[in-house]
Amino acid sequence: MRFEIITIFPAFFAGIFEHGIVRRAQAQGLVGIGVHDLRAFTHDRHRTVDDRPFGGGEGMVLKPEPLAEALDALGIERRQREHNDTREQHNEGTREQKAGQVILLSAQGKPFTQAVARELSKMERVVLICGRYEGVDERINELYCDMELSIGDYVLSGGELAAAVVVDTVMRLVPGVLGNEASGEFESFGVADAEISTDEEGVPRSQHGAGGLLDYPHYTRPAEFGGLRAPEVLMNGDHQQIRRWRREQQLRKTFNNRPDLLEGAALSEEDRQLLDAIRARSDN
Ligand code: SAM
């Protein structure tokens, strides 16, 4: 899989992808990342990438021509737009036809979630356009982009941090990148297993697929730290008890921190009973 990032600050990415899993995935040839300097696609002495907004108002806007040239150089086809052509119709057609996505990072975009990341991880190529100033001339969005993505309900000064977040999140879901193929399912927002799975020795896994819940808390040595003891249940070697405790903790964390996630979560009968108990305790 390959990511192409278009930015006016290519130096921002120097170093950011040279650590841990992201570095290893590139070294193993599983993932490639290209960073493209938008100013390389300008033709004036000042290498101008922005201009004043039509209609007045604050700030500057990224001009369409350098961005169009950068996208053309990546072989991204410009859509032929008719005046009565809706963006949604175009998007459907584009997604079916190619194993790639052109994404505009934008505070106005759809929320970037683990589910979106899972879809993107199936693509051969993802192109990320980093906005700056007041944003990008909207015609770039209309002519080239498959979707606008927002990494959260706040305004960044540029799309670079958002692009790095998308690359990091998507890349670790590419098959082979995480050591344990399944570990993406077992963390926060992971998809549900059909049933509780076991390891080679028949021991139930620490949890079944997260089913859209948050992860459980983790502990390591020393057993006692800062006057707090790690939960005994994790040290007694009873895998059924450990699995059940972890599942309860997942439900508790989700209930306390992100109750909205419970609505769409894949819950078993056992989960529902645990959740009822958590609710009852919180009411008292
Ligand atoms: N005028 C824009 C608005 O109010 O939505 C904000 C522009 S922001 C200062 C500059 C650039 O940062 C945007 O074009 C976008 O690429 C990026 N950006 C800002 N917030 C973002 C977010 N939450 N998610 C993704 N990209 C974001």
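How many helices and strands does the chain have? The chain has nine helices and nine strands. The model is a predicted one, and the legends below describe close-up views of it.

**Figure 1. Overview of the chain.**
Nine helices and nine strands make up the secondary structure elements of the chain. Of its 284 residues, 29% are buried. Taking contacts between residues at least 6 apart in sequence, 73% join residues at least 24 apart.

**Figure 2. The open sheet and its edge strands.**
The sheet is open and is formed by five strands, in the order E2-E1-E6-E5-E7, with parallel pairing. Strand E2 (32–37) and strand E7 (147–150) each have a single partner strand, so each stands at an edge with one side lacking a neighbour in the sheet. From one strand to the next, the twist averages 30 degrees.

**Figure 3. The pairing of E5 with E7.**
E5 and E7 run parallel and are joined by five bridges. One residue pair serves as an example: Lys-110 has Leu-149, in E7, as its bridge partner. E7 is also one of the two edge strands of the sheet.

**Figure 4. The shell around the ligand.**
The ligand has 20 residues around it, and those that come nearest are Ala-107, Gly-131, Leu-156, Gly-159 and Ala-162. Which strand gives the largest share of this shell? Strand E5 (residues 100–111) does, with four residues. Sorted by class, the shell holds nine nonpolar residues, nine polar residues and two charged residues.

**Figure 5. Glu-124, ahead of strand E6.**
Glu-124 sits in the loop between helix H4 (114–120) and strand E6 (125–129). Is Glu-124 buried or exposed? Glu-124 counts as exposed because it has 10 C-beta neighbours inside 10 Å, and the cut-off for exposed is 12 or fewer. Leaving aside residues up to four places away in sequence, Glu-124 touches Met-1, Arg-2, Ala-99 and Gly-100. A separation of 9.7 Å lies between the C-alpha atoms of Glu-124 and Val-31, which are 93 residues apart along the chain.

**Figure 6. Val-126, within strand E6.**
Val-126 belongs to strand E6. Val-126 is buried because 22 other C-beta atoms lie within 10 Å, where the cut-off for buried is 20 or more. Its contacts, not counting residues up to four places away in sequence, are Phe-3, Gly-100, Gln-101, Ile-103, Leu-120 and Val-170. Val-126 and Met-1 are 125 residues apart along the chain, and their C-alpha atoms are separated by 8.1 Å. Gly-100 is touched by Val-126 and also by Glu-124.

**Figure 7. Helix H7 and its packing.**
Helix H7 (residues 239–257) has 19 residues, which should span 27 Å at 1.5 Å a residue. The C-alpha atoms at its ends are 26 Å apart, which agrees. Which residues of H7 are buried? They are Ile-242, Arg-246, Arg-247, Gln-249, Gln-250, Leu-251, Arg-252 and Thr-254. The buried residues of H7 pack against helix H8 (260–264) and helix H9 (269–283).

**Figure 8. Helix H9.**
H9 has 15 residues, with an expected span of 21 Å at 1.5 Å a residue, and its end C-alpha atoms are 21 Å apart, which agrees. The number of buried residues in H9 is one of 15, so the helix lies largely in the open. H9 is nonetheless one of the helices against which the buried residues of H7 pack.

**Figure 9. Backbone geometry at Tyr-133, Phe-189 and Pro-222.**
Most residues other than glycine have a negative phi, and most peptide bonds are trans. Tyr-133 has a positive phi, near 55 degrees, and is found in the loop between E6 and helix H5 (138–144). Tyr-133 is partly exposed, with 17 other C-beta atoms within 10 Å. Phe-189 also has a positive phi, near 70 degrees, and its place is in the loop between H6 and E8. Phe-189 is buried, with 20 other C-beta atoms within 10 Å. The peptide bond from Arg-221 to Pro-222 is cis, with omega near 5 degrees. Pro-222 lies in the loop between helix H6 (160–171) and strand E8 (224–225).

Terms used: Residues are numbered from 1 along each chain as its sequence is written. This is a predicted model: local features need pLDDT of at least 70, side-chain atom pairs count only at pLDDT 80 or more; totals for chains, interfaces and linings use all residues. A residue is near a molecule or strand if its C-beta atom, placed from the backbone, lies within 6 Å of it. Ala, Val, Leu, Ile, Met, Phe, Trp, Tyr, Cys and Pro count as nonpolar, Asp, Glu, Lys and Arg as charged, and the others, Gly among them, as polar. Two strands pair if DSSP finds at least two bridges between them. Axes are lines fitted to C-alpha atoms, for helices over the stretch in contact, and angles run from 0 to 180 degrees between N-to-C directions. The expected span of a helix is 1.5 Å times one less than its number of residues. Two residues are in contact if their C-beta atoms, placed from the backbone, lie within 7 Å.
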